[in-house]
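Let's take a walk through a structure together, one piece at a time. Have the sequence and the 3D view open and follow along.

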2 protein chains.
Amino acid sequence: MEKLITIGEAAQRTGLSAKMIRHYEASGLLKCSKRSEAGYRLYDSQQLQLLGVIKQARKLGFPIAQIQSLLDLLQNPDRTSREVKSIAQHHLNEIEHKINELQQMRETLKQLSDNCSGDENANCPILDGLCQNSLK
Amino acid sequence: MEKLITIGEAAQRTGLSAKMIRHYEASGLLKCSKRSEAGYRLYDSQQLQLLGVIKQARKLGFPIAQIQSLLDLLQNPDRTSREVKSIAQHHLNEIEHKINELQQMRETLKQLSDNCSGDENANCPILDGLCQNSLK
DNA sequence: GTGAAGCTTCCCTTGATGGTAAGGTCAACT
DNA sequence: AGTTGACCTTACCATCAAGGGAAGCTTCAC
């Protein structure tokens, strides 16, 4: 007889919020196995495990759609690690792309900021930089 | 007599979309100076300039609220470069924070991915990593 | 048996952007 | 003069992950 827990306890154990657990369910990630007579969501230990996976995957920035795929693979004994790695690689590329964009911003912004005295003077290289119009 | 242009031309000249120019107006960033008899937005060259500033600032990732402040300072002769630099620094901190988060994700993900053979085998260190539950 | 805490669903907000729809306007070509 | 096509208007909906809050039901402890 499996011990079943409510959404609040599942939230505590996983570090997710009850709100988000419901949200993930609405997004199709993970239904609770059972409802109590009163309609309360009840989770068994395997589902708690899966909620933990969702938590970890979100921590790594995987979008919900990809977590969906990861959960499917996790529960599919016929999976190949190739499929899993492919998803991870794709996400890794996204992350690196975002890092590049942000680093680009940082460098430009840092240059402008470094040239700005930051004193009482109205003259400001940062504003000058923003005004340099690339108007067509 | 100032030459006035429509939103479509302003969009072309700035590289913004007409959609976003309207959105920025609705957000309180920049009203057009005039409307034609038919209700078309009309922009003068100074406003085109300001739209260019918005474009550049968005390119650097400034959120709308901060662009609002920057536009205010730009048009305020009593500004100090200290005020401008403060906004820029704040945004720079945000950017660096995001970069750090992403780099953290990248490293964790890369480690998992590097340990994964990516072949026909069902055994997968990436899934294992996601399953390592920090359940309380 | 009452009150507090926990659960339910439903709707709204964020932030920047895009899509689409329904309708008015303008200019150019026929 | 009329039609066509490009451009403009507003208004609503969607995205993505997360949270806020309301209104109402349930459970538990005292």
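Before we start, one bit of vocabulary: the domain bounds used here come from an automatic or database domain assignment. Keep in mind, too, that you're looking at a predicted model.

With that in hand, look at chain A. The assignment splits chain A into domain 1, covering 1-79, and domain 2, covering 83-136. Measure between the C-alpha centres of these two domains of chain A and you get 37 Å. The domains do touch: domain 1 of chain A puts 7 residues into the contact, and domain 2 of chain A puts in 5 residues. On the domain 1 side of chain A, the residues touching domain 2 break down into 3 nonpolar, 3 polar and 1 charged.

How far can you trust the picture? Chain A has a mean pLDDT of 95, with 99% of its residues at 70 or more. Among the elements of chain A, S3(A) has the highest mean, 97, while S2(A) has the lowest, 94.

Those two strands belong to a little story of their own. Chain A has an open sheet of 3 strands, in the order S1-S3-S2, and the pairing is antiparallel. Strand S1 (5-6) and strand S2 (34-35) of chain A sit at the edges with a single partner strand each, so each has one side without a neighbour in the sheet. Zoom in on S1(A) and strand S3 (residues 41-43) of chain A: the two run antiparallel and are joined by 2 bridges. If you'd like to find one partnership yourself, go to A:Ile5, whose bridge partner in S3(A) is A:Tyr43.

Now bring in chain B. How is chain B superposed on chain A? A rotation of 180° does it, with 0.0 Å of shift along the axis and an RMSD of 0.1 Å. The two copies are therefore related as by a two-fold rotation axis. Both copies use the same surface, too: 100% of the contact residues of chain B recur in chain A. To locate the axis, look for B:Ile99, the residue of chain B that comes closest to it, at 2.9 Å (C-alpha).

Last stop: the DNA. There are 19 residues around DNA strand D, and the nearest are A:Ala38, A:Pro63, B:Thr6, B:Gly8 and B:Arg41. Helices join in from both chains: helix H2 (18-26) of chain A, plus helix H1 (7-14) and helix H2 (18-26) of chain B, each supply at least two residues of the surface near DNA strand D. By class, that surface has 7 nonpolar, 6 polar and 6 charged residues.

Note on methods: Residues are numbered from 1 along each chain as its sequence is written. Chains are lettered from A and ligands numbered from 1 in the order in which they are written. This is a predicted model: local features need pLDDT of at least 70, side-chain atom pairs count only at pLDDT 80 or more; totals for chains, interfaces and linings use all residues. A residue is near a molecule or strand if its C-beta atom, placed from the backbone, lies within 6 Å of it. Helices (H or I, at least four residues) and strands (E, at least two) are DSSP runs, numbered from the N terminus. Ala, Val, Leu, Ile, Met, Phe, Trp, Tyr, Cys and Pro count as nonpolar, Asp, Glu, Lys and Arg as charged, and the others, Gly among them, as polar. Two strands pair if DSSP finds at least two bridges between them. pLDDT is the predictor's confidence in each residue, from 0 to 100. Two residues are in contact if their C-beta atoms, placed from the backbone, lie within 7 Å. Copies are superposed by least squares on the C-alpha atoms of residues with pLDDT of at least 70 in both.
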